[in-house]
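Below is a short note for a colleague who will look over this entry. The points are numbered so that they can be checked one at a time.

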Amino acid sequence: GSGGCGRCASAGRHIAVAITIGSPGLPGLAAAILFTQDGGDTWSKTHIAGLTLGSAPSGAACVGTNLVVISSADNALFYAPIVDILAGIETWTKVVTGFVATHGPTAIWSNGSAAWITGALGYIYYTADVASGVTVQQDGSLTAQTLNAIAGVDRDNLIAVGASNATLVTRDGGNVWTLLTGPAVGVSLGAVTMITPDRIMV
C-alpha cells in the first residue's frame, strides 16, 4: 500500500517519489521508495534500510539535497542523498535525535530547505539539518490530540490538523503555534492543504 508521495526539486528532471508499506513475513522486507525521473513513464524501487520490518512509514519529503522518510514505529527519521537514490547507490541514515518517546512522527512538510514534522499527542518538530536531528516547536501544551497532517505555503505560514478536530496554525515558521477551532467538531482530520495563508482545505 502507498504510504505517501511527493515531488523533489531537480535540474530539469520530473522526479516524484512514493513510499510503500513493508512486509513483516519471512524473510521480511523494509518499506520501499518508488521513484521516477521522467514524470512517471518509468518507475524504480529501493528499500529503506533500517526501518522496522513490516512498518508503514509516516511520510516523506525532500529536505535540502536529501530525501527524508519519517517512521512513527521507529520514532525516527531516515535520510539519504537524492542523487544517490536515483543512482541506486544510497545509504540510509537513521536519526533519533530530538524525537520524544511516545510522541513519534506522523506527517512531514518541507519548503525545500527545512521541514516541519507533526507527532503523536500534539507534538510538532522542526529541522533545517536532518543529520543533526529535530527540535521541538510544540510540546503538546496546546492540544493532546495526535496530529495527522501538516502543510504550508512558505516557511512562515503552516497548519497542522489531527484527531478530534485539532487544528494548529503558525504565521512565523513555528516560533508560535496557535490553537484554532477546526472545521468539524469531534472529527479526526486526516489531510490538509494550505493554498494561501488564509485559504485552507481540510
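1. The model is predicted. The place to start is strand S14, where both faces are covered: Leu158, Ala160 and Gly162 on one side and Ile159 and Val161 on the other are all buried. In a regular strand, side chains alternate between the two faces of the sheet. Taken as a whole, S14 spans residues 158-162 and is mostly covered, with five of its five residues buried.

2. What joins S14 to strand S13 (residues 147-152)? Five bridges do, and the two strands run antiparallel. Within this pairing, Ala149 stands opposite Val161 in S14. S13 and S14 form a hairpin, and five residues lie between them.

3. S14 also pairs with strand S15, which covers residues 166-170. Here four bridges are found, and the direction is again antiparallel. Leu158 has Thr170 of S15 as its bridge partner. This hairpin has three residues between the strands, and Ser164 takes a positive phi near 50 degrees there. A reviewer checking backbone geometry can look at Ser164 when inspecting this hairpin.

4. Thr170 deserves a separate look. This residue lies in strand S15 and has a relative accessible area of 1%, so Thr170 counts as buried, the cut-off being under 20%. Which side chain does the side chain of Thr170 meet in a polar contact? The partner is the side chain of Asp172, at 2.8 Å. In addition, a polar atom of the Thr170 side chain lies 2.9 Å from the backbone oxygen of Val176. Leaving aside residues up to four places away in sequence, Thr170 touches Asp156, Asn157, Leu158, Asn175, Val176 and Trp177. Leu158 in that list is also the bridge partner of Thr170.

5. A second threonine, Thr118, is found in strand S10 (residues 115-119). Is Thr118 buried or exposed? Thr118 counts as buried because its relative accessibility is 0%. With residues up to four places away in sequence not counted, the residues touched by Thr118 include Gly104, Pro105, Thr106 and Ala107. Tyr123 and Ile124 are also among them, as are Leu147, Asn148, Ala149 and Ile150. Ala160 is another contact of Thr118, and Ala160 is one of the buried residues of S14. Ala149, also touched by Thr118, is the residue that stands opposite Val161.

6. Elsewhere in the chain, four strands form an open sheet in the order S5-S6-S7-S8, with antiparallel pairing. Strands S5 (59-63) and S8 (93-95) stand at the edges; each has a single partner strand, so one side of each is left without a neighbour in the sheet. On average, neighbouring strands of this sheet are turned by 25 degrees against each other, direction ignored.

7. At the S8 edge, the link to strand S7 (residues 76-81) consists of three bridges, and S7 and S8 run antiparallel. One pair to inspect is Phe78 with its bridge partner Lys94 in S8.

8. Some totals for the chain complete the note. There are one helix and 18 strands. The chain has 202 residues, of which 48% count as buried. Of the contacts between residues at least 6 apart in sequence, 40% join residues at least 24 apart. The exposed area of the chain is about 9200 Å², and carbon and sulfur atoms supply 55% of this area.

How values were computed. Residues numbered from 1 in each chain as written. Predicted model: local features only at pLDDT ≥ 70, side-chain atom pairs only at ≥ 80, totals over all residues. Heavy atoms only, no water. Buried < 20%, exposed > 50% of the residue type's maximum accessible area, 1.4 Å probe, protein only. Pairing = 2+ DSSP bridges. Contact = heavy atoms within 4.5 Å. Polar contact = N/O pair within 3.5 Å; in protein donor to acceptor, adjacent residues only side chain to side chain. Axes fitted to C-alpha atoms, helices over the stretch in contact; angles between N-to-C directions. Areas by Shrake-Rupley, 256 points an atom, 1.4 Å probe, with all protein chains shown as cover.
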